[in-house]
Amino acid sequence: MDKKVGIGLIGSQFIASIHVDSFKKIKDAEVVAVMSPTPGNAKKFAETHQIPNHFTKLDDMLAMDKIDMVVLGAPNFLHCEITLKVAKAGKHIVVEKPFCLNMKEADLMIDACKEAGVKLMYGEELCFAPKYVRLKSLLDEGALGKPILLKQSEKHDGPHAPHFWDVERSGGGVSMDMGCHAFQFFRWLNGNNPVKSVYAQMSTTVHNHKTKGDDNGIIILEFENGVTAMAEESWTKLGGMDDRAEIHGAEGVAYADLLQGNSIQTYSNKGIGYAVEKAGNTIGWSYTMFEENWNYGFPQEMEHFVDCVKNDKEPLVTGEDGRAVMEIIFAAYESAGTGKKVELPFRSDAAKPYDLWKNRD
Ligand SMILES: NC(=O)c1ccc[n+]([C@@H]2O[C@H](COP(=O)([O-])OP(=O)(O)OC[C@H]3O[C@@H](n4cnc5c(N)ncnc54)[C@H](O)[C@@H]3O)[C@@H](O)[C@H]2O)c1
């Protein structure tokens, strides 16, 4: 392709703001349109970010020839339906995490994109986060020896929009919403070695009045090559987003703290305007982030996907990765529901992961 990759954004709220900010830094990309169904939202977003076209109807945006790649930032329950439409329109697509609601949807999405000859890219920015990329390089050069235990955790005090709390629309709680980051991160670190088994403990502890979903989860993966990985996920941790990883090897250990470890430790009597995602009260000590999106790897991720579309390359994170992560999520909810370790491959016809935990027959 000898022109800039034309981008169409779906969604105009939280993740769409991160997407548009990322594309501003990418010379080979041009955001040509934004679509959001709520009247006025896409228009306002387009004005704020100088995007030339805005739509309330997806079909209208997909009719634009100038769009080569669509980035999907809508709630989880819409990922499959929208991906099928985008594929049919012949546009490449980036699907935000988690991939979709169930295994059948994952298959439909992969098949539709294959049939249409478009790239299906799965949005997992942790594979592009500069600190985690460096962490992986320590493992890859052998500095830590044979890997034994991988750990990753993501914690904050709960999501910002109602659809996350509603298991019918989200598919599950924090073990799905944030566990999906850890599962793809582990697979990437461990060279896509197959996962052998999954064990999980989940609970709803603080937000029972708001959700049936889990607000805390601990998930242990066992890989075929003997590596163990442990994910800790929480929607009840106060004091701002926390994201960290560890690699324990036979000849070394490495700890990487993505946010707090890169922040400006700030004390203020008055509080500060913005410190970090979901910071809560910033009076007193807080962790003030700089270049938050860059630290997460969002611009790097989008630059990679643009390069894949422009130069017809294979993406680092694909629909198949999204499906593999969904399988682990399903196995985790099955384990939490049965109290047993679950062997992979694990296939379930459940409509959503949550059903294997609390909606068992
Ligand atoms: N990679 C990450 O770290 C990360 C972070 C946040 C959210 N996400 C994911 O991004 C997705 C959106 O989350 P969010 O935080 O932006 O939610 P949000 O509620 O802030 O925004 C959702 C957007 O989707 C739009 N939308 C609703 N129905 C739609 C439809 N039928 N067609 C098109 N758009 C529609 C809404 O109008 C809104 O603009 C979720 O799947 C979430 O898991 C990923």
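Here a trainee and a mentor talk through one helix pair and the two domains of this predicted model.

Mentor: Residues are numbered from 1 along each chain as its sequence is written. As the model is predicted, local features need pLDDT of at least 70 and side-chain atom pairs count only at pLDDT 80 or more, while totals for chains, interfaces and linings use all residues.

Trainee: Why are helix 1 and helix 12 called roughly perpendicular?

Mentor: Helix 1 (residues 14–23) and helix 12 (residues 298–310) pack at about 65°, with axes 9 Å apart. Angles of 65 to 115 degrees count as roughly perpendicular, and therefore this pair gets that name.

Trainee: Which residues make the contact of helix 1 and helix 12?

Mentor: Helix 1 brings Ile 18, His 19, Ser 22 and Phe 23, and helix 12 brings Phe 298, Pro 299 and Met 302. Being in contact requires C-beta atoms, placed from the backbone, within 7 Å.

Trainee: What makes up that contact in terms of nonpolar, polar and charged residues?

Mentor: Five are nonpolar, two polar and none charged. Ala, Val, Leu, Ile, Met, Phe, Trp, Tyr, Cys and Pro count as nonpolar, Asp, Glu, Lys and Arg as charged, and the others, Gly among them, as polar.

Trainee: Where do the domains run along the chain?

Mentor: Domain 1 covers 5–125 and domain 2 covers 127–297 + 325–354; such bounds come from an automatic or database domain assignment. Their C-alpha centres lie 24 Å apart. The contact takes 17 residues from domain 1 and 26 from domain 2.

Trainee: Which element gives the most to domain 1's side?

Mentor: Helix 1 does, with four residues.

Conventions. Axes are lines fitted to C-alpha atoms, for helices over the stretch in contact, and angles run from 0 to 180 degrees between N-to-C directions. Helices (H or I, at least four residues) and strands (E, at least two) are DSSP runs, numbered from the N terminus. Angles under 35 degrees count as roughly parallel, over 145 as roughly antiparallel, 65 to 115 as roughly perpendicular and the rest as oblique. Two residues are in contact if their C-beta atoms, placed from the backbone, lie within 7 Å.
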